[in-house]
Each structure stands twice: as C-alpha cells, then as structure tokens.
Number of protein chains: 2
Amino acid sequence: MRGAETKAEIIAVADRLFYQGGFEHTSFAEIAAAVNIARGNFYYHFKSKDEILAAVIARRMASTTALLESWRREIDSPRARLSAFVNILAANGDKIMRYGCPVGSLATELSKLMHAAREAAVGLFDLFRDFLAEQFAALGCAKAEALALHLLMRSQGVAVLATAYRDPDYVAAEMAAMEDWIDREIARGTAARA
Amino acid sequence: MRGAETKAEIIAVADRLFYQGGFEHTSFAEIAAAVNIARGNFYYHFKSKDEILAAVIARRMASTTALLESWRREIDSPRARLSAFVNILAANGDKIMRYGCPVGSLATELSKLMHAAREAAVGLFDLFRDFLAEQFAALGCAKAEALALHLLMRSQGVAVLATAYRDPDYVAAEMAAMEDWIDREIARGTAARA
DNA sequence: GTCTATATCTCGATAGAC
DNA sequence: GTCTATCGAGATATAGAC
C-alpha cells in the first residue's frame, strides 16, 4: 500500500514542476529527485510521460472541483463568490509573476505541442467558466456565460502581464477594475429587469 | 555574401518555429531541415541556441518597431491606430488559436525557464504599451499608460482563451467589447476636460 | 514495490575536411 | 561558408535483481 502513496506523491510533484518549469522542460530525473525515488521505479507507476500528464490534469480537475465546491458551500452570496475568483490573483500573486497561470500556460504549451491532452487541459477552464456563469446567472445577469468568459479572459490577461512585468501594483489595479466591472454588469442586469 | 542570407534565413525560420512549437521544443535539427542546411553549418553563424534566441528577439523588435512606425505614419487618427492594434486579433486569428500570442507565450515560457533573455522578450510588450499610451494621450485620456496596459492585458487574455477554445466568434465578441471600452474611455477623458 | 544497470535516442555542440 | 562525422550529456524507456 506504500505504492499508492508514492504514486500520489509523484503526481503532486509532477504537478508542481510542470507548472513551474513547463511540461516538456520537466524531466523524469527532476521529478524522481524531488520525490526521492529511483528513475526506474517510476515506470512501475506510469507507462509514459504522457500518462503522468494525464494524471496531473486529473488531479488538477479534482482539486479545482473541490475548491469551487467549497466556495459554493461556504460563501453565501454569488457576488462574494465572484470576488473569491478575482482574489486568486492576489493569493497566488508571487507564483503567477514567476510561472504564469497554471491553467493558461499549460493550455498554451499543449496547443503548441499539438498534444493529445490539450482538450483535457482546457477542461480546467470549463470548471471556472461554469462556476462564474452560475454566479452571474444567480445575480440576474443575462448572457451569464459570456460574462463568465470575459472575467476568465481578464484573469488570463492579468496573469500574462503579471508574469511579464512582475508588478504587484499593476495586478492590484486590474483586480479593482474587475470588481468595478462586475458591479456595473450586475447593476445593468438589475436595471434591465426593472 | 551568401552567408548573410543564410543567417537571416536561419533567424526567420527559428522565429517561426519558436512561435509555433515553443523555444525549448524547437531543435537545431528541425531548424536546419527547414532551412535546408547541415546541422553543423549552423555553428558558423551562431555559437549557441541562446544566441539564436537573442537574434530572434532582435528580429521581432525590429519588425514590431517597423509595424508600429508604419501605423504612426499611415493611419491619421489616434483612435484608428487603436483599432489597428485590436484588429491584430482578427488578422492573426488562425495562428493565435493554434499557437497563442507570440509575445505573451514567449515571455511566459522564458519566465518558467528563468531564461536570461526573458527581459529582452518583455521589451516587445513595451513597444506595444508605448504605442498604445501615445494614442490614449493624444486622445486626451488621463493615465494613458494605465489604459495602454489594460488594452494590452485584454489582448493577452483573448489570445489565451482563443488558444484554449478556438472559437472565432468569441474573439470577435471580445474585439467589439474592446472597441466599446476604448470609446467609453475617450468619452470619459473628454467629459473630464469639459 | 523499489532498486541498479543499461539500452536507445536525440539533444546541443565541436572538429576538421573541403 | 558548407559539409560529414562525432562527441558527451541527458532524455525516455526497459530489464531484471532484490
């Protein structure tokens, strides 16, 4: 049963290293060294590097689903749930300024590689998009999915410029602008119903 | 003098391949095959792969500078120059949906790699940022640089989601939203002066 | 289930003939 | 200035002892 723990640890370490260094740049040797196992042992758990990537994406899908579920459960208002999403940019600011967004950077890398796992990676965007659309719909906004995509787009744009310029003040300013935009869209939805 | 042509061709091909497949993923063998020269010949022109990267960035800096200069020269109004920027998303839509934005994806990759050329690559963003700030300032907008960064941010966000979802209609919708946002900001600047 | 040892490939880079 | 030949390092992957 030690095997299951080792496998989970490999996936967790690969998840971190794929994010920090990119999928292709990360080698088995690097993962093995971080997990403290022999390179060869590796293939007892995974047949190929692509299989590890699939496991990493599955892990991210599970952890993201759990995160969004906890927000749905523990945050009362849809408006506050939208803020929880925006606040990711501050909570993970240091990592984002060095490695970008884990979802966006992986999707772009896999697209360039024409990798079969590209669509699976895009599934991570779907989780956030659906969550955001839910909140906009609950707030009475028409075209909730379009608003969700727009907010998702902004988070990606901010992540890219944050990685380029590494300016926390810039990120904070864009977060404030996102909150303003959300409030305006809600007001617009309310006005339309009146 | 054939040497100079070969060197320029290597840089042009490397530029394309770095964009399409990523910097690290692109091998000398791939570039050599595309240029139709022997792998070894390569090192007559460049001492290392990093040197090719530097040349590619320099080439992009030059071509981007030339593009922006032509816009400054040939497009009369600052407002129309902003639209020229937005229209890049449509003009390069197919490539962006497959490979992302050449500027943003390179900057993010080099950041993950902790590559020395990262800052040079960010210089490409500076060119666009300065161009956009110029136009907003000419239109009488306060905080022209912040507006420029915001528009740049949106172009990056749209590029990432375009690569993920590959939906031209989504890109078109965000382009229209960018145009609306520009007009609102200009109106705000005009109102502030009145 | 974990290890060592190794096979095989491709990479970036070098040496030297022409 | 372009070529062939080749190096050493590091990659993915396999075989087999324990």
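A polar contact here is a pair of N or O atoms within 3.5 Å. Keep that cut-off at hand for the exercises below, which work through a predicted model.

**Exercise 1. Find which residues make polar contacts with the phosphates of DNA strand D, taking A:S27, B:T6 and B:A38 in turn.**

Solution.
- Step 1: start with chain A. An N or O atom in the side chain of A:S27 lies 3.4 Å from a phosphate oxygen of DNA strand D. The cut-off is 3.5 Å, so this pair counts as a polar contact.
- Step 2: move to chain B. For B:T6, a side-chain N or O atom is 2.9 Å from a phosphate oxygen of the strand.
- Step 3: look at the backbone too. A polar backbone atom of B:A38 sits 2.8 Å from a phosphate oxygen of DNA strand D.

**Exercise 2. Describe the protein surface near DNA strand D.**

Solution.
- Step 1: list the neighbours. There are 17 residues around the strand, and those that come nearest are A:F28, A:Y43, B:T6, B:A38 and B:Y44.
- Step 2: assign them to helices. α2 (28-35) of chain A and, from chain B, α1 and α3 (42-45) each supply at least two residues. The most come from α1(B), with three residues.
- Step 3: sort by class. The surface has six nonpolar, nine polar and two charged residues.
- Step 4: turn to the DNA side. Sugar or phosphate accounts for 69% of the strand's atoms within 4 Å of the protein, and bases for the rest.

**Exercise 3. Work out what kind of axis relates chain B to chain A.**

Solution.
- Step 1: take the superposition. Chain B falls on chain A with an RMSD of 0.1 Å after a rotation of 180° with 0.0 Å of shift along the axis.
- Step 2: name the relation. Because of that rotation and shift, the axis is a two-fold axis.
- Step 3: locate the axis. Within chain B, B:G157 has the C-alpha nearest to the axis, at 1.8 Å.
- Step 4: compare the two faces. Of the contact residues of chain B, 100% recur in chain A, and the same surface serves both copies.

**Exercise 4. Characterise the interface between chain B and chain A.**

Solution.
- Step 1: count residues. Contact joins 37 residues of chain B to 37 residues of chain A.
- Step 2: take the area. About 3,100 Å² is buried, with 62% from carbon and sulfur atoms. B:K112, B:M153 and B:Y165 supply 23% of what chain B buries, more than any other three residues.
- Step 3: check the polar pairs. The interface has zero salt bridges, but 18 residue pairs are in polar contact.
- Step 4: find the main helix. α10(B) gives the largest share of chain B's side, 13 residues.

Note on methods:
Residues numbered from 1 in each chain as written. Chains lettered and ligands numbered in written order. Predicted model: local features only at pLDDT ≥ 70, side-chain atom pairs only at ≥ 80, totals over all residues. Heavy atoms only, no water. Least-squares fit on C-alpha atoms with pLDDT ≥ 70 in both. Contact = heavy atoms within 4.5 Å. Buried area = accessible area lost by both parts, 1.4 Å probe. Salt bridge = Lys/Arg side-chain N within 4 Å of Asp/Glu carboxyl O. Polar contact = N/O pair within 3.5 Å; in protein donor to acceptor, adjacent residues only side chain to side chain. Helix = DSSP H or I, 4+ residues; strand = E, 2+ residues; numbered from the N terminus. Near = heavy atom within 4 Å. Nonpolar A, V, L, I, M, F, W, Y, C, P; charged D, E, K, R; others polar.
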